[in-house]
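Student: Hi! Could you walk me through this structure?
Tutor: Happy to, let's look together.
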There are 2 protein chains.
Amino acid sequence: MSKDIKNIFHKQGLKFTPQRRAVLKVLQDTQAYLSINRIHTKVKELLPGTGLATVYRSLETLVELELAVKVHLEDGCHSYTLAPEGHRHPIVCTDCSRVIEYTECPIQDISKKLSKKTGVLIKTHFLQLFGKCEECRN
Amino acid sequence: MSKDIKNIFHKQGLKFTPQRRAVLKVLQDTQAYLSINRIHTKVKELLPGTGLATVYRSLETLVELELAVKVHLEDGCHSYTLAPEGHRHPIVCTDCSRVIEYTECPIQDISKKLSKKTGVLIKTHFLQLFGKCEECRN
DNA sequence: TTTACAATTGAGAAAGTTTCTCAATTAGGG
DNA sequence: CCCTAATTGAGAAACTTTCTCAATTGTAAA
């Protein structure tokens with residue numbers, strides 16, 4: 001399974017470096033949106049000396065490979081999390097910032113209708129749901 | 001109608017200053033997402049000398065008053081547009097960046113079901129649709 | 001209309017985020 | 001085990017956003 005991921009890199013002529021591994025591992029170990037700085041801190045625990053620029057570059061690469069997704073939170077800087085399988089949307093807990101679950105996409109059904117109705121050929125969309133998970137409500 | 005808006009400010013103990021008027025007018029005159037810098041440029045045409053910090057502060061105020069909405073586009077900096085009436089979501093043209101239309105919210109219907117199913121009490125969501133408008137397709 | 005005061009502004013400094021540059025290093029195909 | 005192109009670290013640079021403070025200005029009340 002790590003081998004599959006390795007191949008995804010190699011097929012694109014990209015190297016599967018320790019730094020990229022570390023960034024990916026951080027995302028895998030935390031099912032939550034993480035800011036660049038938090039990712040950088042955690043990566044340095046696994047691989048001391050890793051530079052911030054490398055974290056930026058690794059995340060960019062992971063998004064290109066569709067292994068991670070970039071999201072926008074209200075608090076300014078961008079955050080990242082593991083890419084879900086298939087077309088789904090994250091439900092994020094506003095307290096602990098974890099991605100509780102990815103839900104089926106309700107937009108695909110209606111986008112064709114909307115295209116007809118509005119004259120806009122709808123191609124993509126961005127959807128995030130926010131709430132409070134069971135743990136955080138107690 | 002400008003009087004209504006004036007009252008919205010006054011009810012909150014806020015002043016309806018020329019700078020805030022200018023920012024609002026720029027949003028009204030352009031049915032599109034505008035970056036802070038483009039807003040600043042256009043505001044200075046109406047009111048030379050207006051500072052960038054004031055544009056930031058005015059937009060923050062307009063969002064608080066629900067007269068404008070802040071959105072996140074891929075290209076980094078935040079953008080703003082006029083707030084739609086009621087709970088609706090923007091359909092944005094990826095070519096001309098105009099907000100073509102606001103569509104009915106398809107999430108409200110399903111959020112209760114999702115809350116039950118996932119155990120997360122869903123409170124808010126963020127949805128933007130992207131496509132290519134008729135004009136830009138020709 | 002005038003006055004008084006709290007809210008707001010402009011300017012620039014400061015803080016924070018992201019990208020760029022380049023010499024040194026390294027992964028991985030051959 | 002080499003060779004080479006891809007990648008990295010470090011710091012500079014660019015860019016976005018917030019903060020500070022003295023000066024100004026709306027507006028409620030006189």
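Student: How many residue pairs are in polar contact between chain A and chain B?
Tutor: There are ten such pairs, both residues at pLDDT 80 or more. A polar contact is a pair of N or O atoms within 3.5 Å; within protein, one must be able to donate a hydrogen and the other to accept it, and residues adjacent in sequence count only if both atoms are side-chain atoms. This is a predicted model: local features need pLDDT of at least 70, side-chain atom pairs count only at pLDDT 80 or more, and totals for chains, interfaces and linings use all residues. Side-chain values use heavy atoms, without hydrogens and water, residues are numbered from 1 along each chain as its sequence is written, and chains are lettered from A and ligands numbered from 1 in the order written.
Student: And how many salt bridges there?
Tutor: Zero across that interface, counting a side-chain nitrogen of Lys or Arg within 4 Å of a carboxyl oxygen of Asp or Glu.
Student: Which element of chain A gives the most to the side touching chain B?
Tutor: That's β6(A), with twelve residues (strands are DSSP runs of E, at least two residues, numbered from the N terminus).
Student: What does β6(A) join in chain B?
Tutor: Eleven bridges link β6(A) to strand β6 (residues 121-132) of chain B, running antiparallel; strands pair if DSSP finds at least two bridges between them. Along them, A:F126 stands opposite B:Q128.
Student: New topic: how is chain A divided?
Tutor: Into domain 1 (2-82) and domain 2 (88-137), with bounds from an automatic or database domain assignment. Their centres, taken over C-alpha atoms, are 23 Å apart.

Notes: Helix = DSSP H or I, 4+ residues; strand = E, 2+ residues; numbered from the N terminus.
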